[in-house]
Amino acid sequence: MLSEAQQKFYQDNGYILVEGLISAREAAVLKTECHRLADRLSRHQNIDATWGSARDTFSEAKNTRLLHCHNVQFESAAFSRLIVDERFTDVASQLIGSPDVQLHHNKMFIKPPEKGSPFPLHQDYPYFPHQGMSMTAAIFHFDDAPLEKGCVRVVPGSYKNGPLPHDSTGSHHLSPADYPLEMAIPCPARAGDVLFFNYMTIHGSGLNTSQEARTTLLVQFRRPDDLPLTTIHDSRGQGMMLRGVNRT
Ligand SMILES: O=C(O)CCC(=O)C(=O)O
């Protein structure tokens with residue numbers, strides 16, 4: 001569970017890194033699971049998810065790659081167990097102020113060594129706008145993510161200003177001229193750490209220029225009574241209860 005100081009930090013900044021939420025050993029097992037999954041999927045489909053806007057924004061990103069899979073609980077039971085793990089769901093419940101926590105979606109990302117794609121700064125709100133502010137991301141780190149691996153970066157306190165106009169040609173992103181990646185602070189993490197941030201928090205990440213892959217799972221969750229404004233991001237598994245019950 002989060003301390004009062006951690007909860008205050010989250011209220012002030014719209015993000016918090018929870019260190020060692022799972023052990024380094026558990027993270028290593030899940031990392032292997034992710035890489036096996038990527039290998040399986042790559043045999044019969046292109047699983048690159050690099051944003052067009054990343055290629056347009058960063059000259060170094062012309063030939064980068066980002067391996068991904070949505071809703072990994074349908075691929076391996078190890079992920080099903082992780083997303084309902086109480087160490088995670090108790091923190092999630094505290095952050096959204098609800099005993100009930102509902103899955104929106106999740107996605108595995110592997111940024112391959114030396115050429116892992118970046119993300120221009122953006123809010124997640126335009127992808128799946130909701131009535132309220134409970135939508136929150138949790139990024140599980142399955143290996144260390146220092147700056148040179150393209151760790152996630154956030155703009156502290158930015159969630160308080162609400163939705164901003166995004167360029168939505170291809171992928172939703174903020175104007176790189178007005179919101180350069182460098183304005184966000186890096187959140188380097190260790191294997192087992194989980195970074196939580198609100199869907200209004202401006203965030204992005206740099207290129208992985210290191211010799212090792214960066215392996216993460218992003219779990220997006222909400223209060224069950226925080227309803228979507230549109231159905232633009234319906235996905236398989238959405239609405240699964242991760243904690244508590246659906247009282248709506
Ligand atoms: O994993 C990252 O580097 C950032 C992911 C992200 O910004 C997103 O999926 O919205």
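Which residues in α5 are buried?

1. In α5, the buried ones are Phe-88, Thr-89, Val-91, Ala-92, Ser-93, Gln-94, Leu-95 and Ile-96 (buried means under 20% relative accessible area, exposed over 50%, partly exposed in between, with a 1.4 Å probe and protein chains only). That makes eight of the eleven residues in this helix, residues 86–96, so it is mostly covered. Helices (H or I, at least four residues) and strands (E, at least two) are DSSP runs, numbered from the N terminus.

2. A word on the model: it is predicted, so local features need pLDDT of at least 70, side-chain atom pairs count only at pLDDT 80 or more, and totals for chains, interfaces and linings use all residues. Residues are numbered from 1 along each chain as its sequence is written, and side-chain values use heavy atoms, with hydrogens and water left out.

3. Right after α5 comes Gly-97, with a positive phi of about 65°.

4. On to the rings: there are eleven aromatic pairs in the structure (rings of Phe, Tyr and Trp, its six-membered ring, with centres within 6.5 Å; planes under 30 degrees apart are stacked, over 60 edge-to-face, the rest tilted). Phe-88 and Phe-140 pair edge-to-face, because their centres are 5.2 Å apart and their planes at 70°. This pair joins helix α5 to strand β5 (residues 136–141), 52 residues apart in the chain, and both rings belong to buried residues.

5. Phe-88 also pairs edge-to-face with Phe-221, since the centres are 5.7 Å apart and the planes at 80°. Here the partner sits in strand β10 (residues 214–222), 133 residues from Phe-88.

6. Phe-88, Phe-140 and Phe-221 are in one aromatic cluster that also includes Phe-142 and Phe-196.
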